[in-house]
Amino acid sequence: MTGLLLNGVTRDFTEPAARHVLRSIDLTIAKSEFVSLVGPSGAGKTTLLRIIAGLDIAHAGRVTWQGEGRPRLGIVFQEPRLVPWLSILDNLLLVGGSDQAERARALLAEVELAGNEDALPSQLSGGMQRRAALARALLIAPDFLMLDEPLISLDTALAERMRRLLNSYWREHRTTTLLVTHNLAEAAELSTRILILSPDEGRIVADCALPPPAPRLRNDRAVSAVLEDLRRMTHTWPRPDSPETGVPKAHSAA
Ligand SMILES: Nc1ncnc2c1ncn2[C@@H]1O[C@H](COP(=O)(O)OP(=O)(O)O)[C@@H](O)[C@H]1O
Ligand SMILES: [Mg+2]
């Protein structure tokens, strides 16, 4: 467990205007790969994750899981989707079960949310809510982890610490992972493979293998060479969202 096979996955939207988003995507993700899917806003990254997760079934083509049975999917969506009337801890226990409190608290500490267990989601910043969603996804010990821009609104130092956490989680568990990101450097730091989704063609236009990410230096030479090429392909893309600056209502730090 758990690999994934996509055959000819195609998705068109007709409303508000006809738009071909994904064009005949063929892709295999093997067990234990850490794959980053990189593309600018509107390229169809979230649409592809939703199709893989079974949340969008209005597509052509096939999604097949390899392994026994359906995998346990851990998903962190762009918007954190916490239950608004449950505390952060109870949001985790809702998926993990009430006997998981100790592990849930430990995971909340790992994503630097210790002390926020009893807060309601609305009392936390967007970045904190997304980290809670990450802790929730890890709590179920997923077979396949999907992360949709999980670090986007975090300040630089915190994003760096969260990348280290994702890297050490992957090295420990080798969970098959699909990370959506705008950020090539982030993709290079974490991944065994980078896919580039072209916004114009709705296709994967580059598929680059990288050496497995040990704690990886950004100036690793093999990685730099791949990055150089990919940067040339993507230099016209809009810049990613800027870090969140708002201070949350009841708590500090984004
Ligand atoms: N439910 C929908 N109805 C119509 N258009 C959609 C819908 N979902 C996404 N789109 C369009 O599909 C394109 C890709 O969206 P999305 O997958 O969210 O891109 P990304 O995650 O790469 O930013 C965008 O142009 C978006 O407006
Ligand atoms: Mg998206």
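# Exercises on a predicted model

Just after helix α2, Gly97 adopts a positive phi of about 95°. The structure is a predicted model, and the exercises below move from this helix to the bound ligands and then to the chain as a whole.

**Exercise 1.** Determine which residues of α2 are buried and which helices help to cover them.

*Solution.* Step one is to apply the cut-off: a residue is buried when its relative accessible area is under 20%. In α2, Ile88, Leu89, Asn91, Leu92 and Leu93 are buried. Step two is to look for the cover. Helices α3 (101-110) and α4 (126-139) are among the elements that cover the buried residues of α2.

**Exercise 2.** Identify the atoms that coordinate the magnesium ion (ligand 2), locate their residues in the chain, and state how accessible these residues are.

*Solution.* First, the donors: Thr46 contributes OG1 and Gln78 contributes OE1, at 2.0 to 2.3 Å from the magnesium ion. Next, their positions: Thr46 belongs to helix α1 (residues 45-53), whereas Gln78 sits in the loop between β5 (73-76) and α2 (88-96). The two residues are 32 residues apart, and the pair links distant parts of the chain. Last, the accessibility: partly exposed residues lie between the limits of 20% and 50%. Thr46 therefore counts as partly exposed, because its relative accessibility is 26%. Gln78 is also partly exposed, because its relative accessible area is 33%.

**Exercise 3.** Describe the surroundings of ligand 1: the composition of its shell, the elements that supply it, and its polar contacts with Gly42, Gly44 and Thr47.

*Solution.* Begin with the composition. The shell around ligand 1 has four nonpolar, five polar and three charged residues; among its members are Phe13, Glu15, Arg19, Pro40 and Lys45. Then consider the elements. Both β2 (19-29) and α1 supply at least two residues each, and α1 gives the most, with three. Now turn to the polar contacts. Polar backbone atoms of two glycines lie by oxygen atoms of ligand 1: that of Gly42 at 2.7 Å and that of Gly44 at 2.9 Å. From Thr47, a polar side-chain atom lies 2.6 Å from an oxygen atom of the ligand. Finally, ligand 1 taken alone exposes 570 Å², of which the protein buries 63%.

**Exercise 4.** Characterise the chain as a whole by its elements, its buried share and its contacts.

*Solution.* The chain contains seven helices and nine strands. Of its 254 residues, 51% are buried. Among contacts with a separation of 6 or more, 71% join residues 24 or more positions apart.

Methods:
Residues are numbered from 1 along each chain as its sequence is written. Chains are lettered from A and ligands numbered from 1 in the order in which they are written. This is a predicted model: local features need pLDDT of at least 70, side-chain atom pairs count only at pLDDT 80 or more; totals for chains, interfaces and linings use all residues. Side-chain values use heavy atoms; hydrogens and water are left out. Donors are N, O and S atoms within 2.8 Å of the metal (3.2 Å for Na, K and Ca); water is not among the atoms, so sites may look incomplete. Helices (H or I, at least four residues) and strands (E, at least two) are DSSP runs, numbered from the N terminus. Buried means under 20% relative accessible area, exposed over 50%, partly exposed in between (1.4 Å probe, protein chains only). A residue is near a molecule or strand if one of its heavy atoms lies within 4 Å of it. A polar contact is a pair of N or O atoms within 3.5 Å; within protein, one must be able to donate a hydrogen and the other to accept it, and residues adjacent in sequence count only if both atoms are side-chain atoms. Accessible areas come from the Shrake-Rupley method with a 1.4 Å probe; for residues, only the protein chains shown count as cover. Ala, Val, Leu, Ile, Met, Phe, Trp, Tyr, Cys and Pro count as nonpolar, Asp, Glu, Lys and Arg as charged, and the others, Gly among them, as polar. Contact means heavy atoms within 4.5 Å.
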